[in-house]
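Reader: Hey, got a minute to go through a model with me? I'd like to talk about rings and cysteines.

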Amino acid sequence: MIFLAKTVIVCGCRMDGALLMNIRRLDFRGIQHALYDIIFEADTRAGKWFDVILIVSIVSSVLVVMLDSVASYNESYGYYLYGMEWGFTLLFTAEYILRLSCVKKPVKYAASFLGVVDLLAILPTYVSMLVPGSQYLIVIRVLRVLRVFRVFKLATYIGEASILIQAMKASRRKITIFLMTILTLVIIFGSLMYLIEGSQNGFSSIPRSIYWAIVTMTTVGYGDISPKTNLGQALASVIMILGYAIIAVPTGIVTAELSLSSLKKVTTQVCPECLAHGHDTDAVFCKFCSERLNPEPSLSPQEAP
């Protein structure tokens with residue numbers, strides 16, 4: 001009997017310990033899921049307010065850096081601006097850690113575009129302790145305002161952006177061939193201008209002549225060097241007219257691809273597994289990794305069977 005009682009007590013203790021661990025695991029998953037909804041989703045009220053506050057903080061921190069670069073403001077309010085900058089940095093550091101803690105694959109998020117931007121947004125302040133002046137690189141935080149498209153649920157703009165990106169990708173080979181053609185033309189025209197004008201008229205080398213051809217063909221025209229001979233001016237006229245004609249080529253390429261793209265309604269939903277955007281409004285699973293877009297929340301200890 002004594003042995004049986006001890007066995008029951010030991011088993012009970014083990015069951016209580018296992019139950020406690022399960023409760024803690026459920027609580028952690030619930031907190032993690034709640035944080036994910038707030039931080040990564042703009043569909044909920046809390047998520048929208050989180051991103052709005054975040055964007056206000058980003059814009060404010062960029063303004064602080066800009067004001068700090070003005071000598072008069074730096075002399076009068078430098079101490080306060082420095083304190084505000086460290087406050088924003090600590091806020092963004094905590095936000096970055098929370099983002100990593102509530103995703104399934106922290107390394108994948110850290111290596112993504114927005115993850116890299118989030119990291120670069122906080123590094124300059126810490127690096128400035130070793131390298132003075134590097135804190136002005138904090139202006140890269142303005143890239144984080146790109147989240148505004150998710151925050152205010154501007155799904156139409158997200159759809160238009162997706163179509164534009166698709167058109168750019170579809171026309172990348174044509175644009176590459178176009179750029180190679182332009183490069184070939186400026187090399188030929190620059191070399192001809194070097195032979196026609198020579199160093200006495202400012203075309204001291206072929207690279208400098210190519211620089212002039214690029215400036216002329218793009219219709220910028222700095223005017224630092226210009227042809228003096230009649231033949232050189234005639235060639236320059238041809239390059240200028242050709243430059244105006246070339247401007248329409250890449251525009252036509254991208255426009256043609258845009259006309260072939262079909263507009264699809266998209267949502268602001270982010271996949272919890274691969275962090276991909278651009279899902280259809282009626283999508284249940286991610287079209288990139290097949291993960292469920294809205295995983296069912298973990299049961300609370302009271303609801304667990």
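Author: Sure, cysteines to start with: a disulfide here is a pair of cysteine sulfur atoms within 2.5 Å. Keep in mind that this is a predicted model.

Reader: OK, so how many disulfides does the structure hold?

Author: Zero.

Reader: And Cys102, buried or exposed?

Author: Cys102 is buried, at 5% relative accessibility. Cys286 counts as buried too, with 3%.

Reader: Switching to rings. How many aromatic pairs does a search of the whole structure find?

Author: Six aromatic pairs turn up. One of them is Phe88 with Phe92, a stacked pair with 6.4 Å centre to centre and 20° between the planes.

Reader: Where do Phe88 and Phe92 sit in helix H3?

Author: They're four residues apart in that helix, which spans residues 71-101, so about one helical turn separates them. Phe88 is buried at 15% relative accessibility, and Phe92 is buried at 1%.

Reader: What about Phe203 and Trp212, why is that pair edge-to-face?

Author: Because the planes of Phe203 and Trp212 are at 80°, and anything over 60 degrees counts as edge-to-face. Their ring centres are 5.5 Å apart.

Reader: Is Phe203 buried or exposed?

Author: Buried: Phe203 has a relative accessible area of 0%. Trp212 is buried as well, at 5%.

Reader: Last one: which residues do ring pairs link into a cluster?

Author: That would be Tyr82, Trp86 and Tyr126.

Notes
Residues are numbered from 1 along each chain as its sequence is written. This is a predicted model: local features need pLDDT of at least 70, side-chain atom pairs count only at pLDDT 80 or more; totals for chains, interfaces and linings use all residues. Side-chain values use heavy atoms; hydrogens and water are left out. Rings of Phe, Tyr and Trp (its six-membered ring) pair if their centres lie within 6.5 Å; planes under 30 degrees apart count as stacked, over 60 as edge-to-face and the rest as tilted. Helices (H or I, at least four residues) and strands (E, at least two) are DSSP runs, numbered from the N terminus. Buried means under 20% relative accessible area, exposed over 50%, partly exposed in between (1.4 Å probe, protein chains only).
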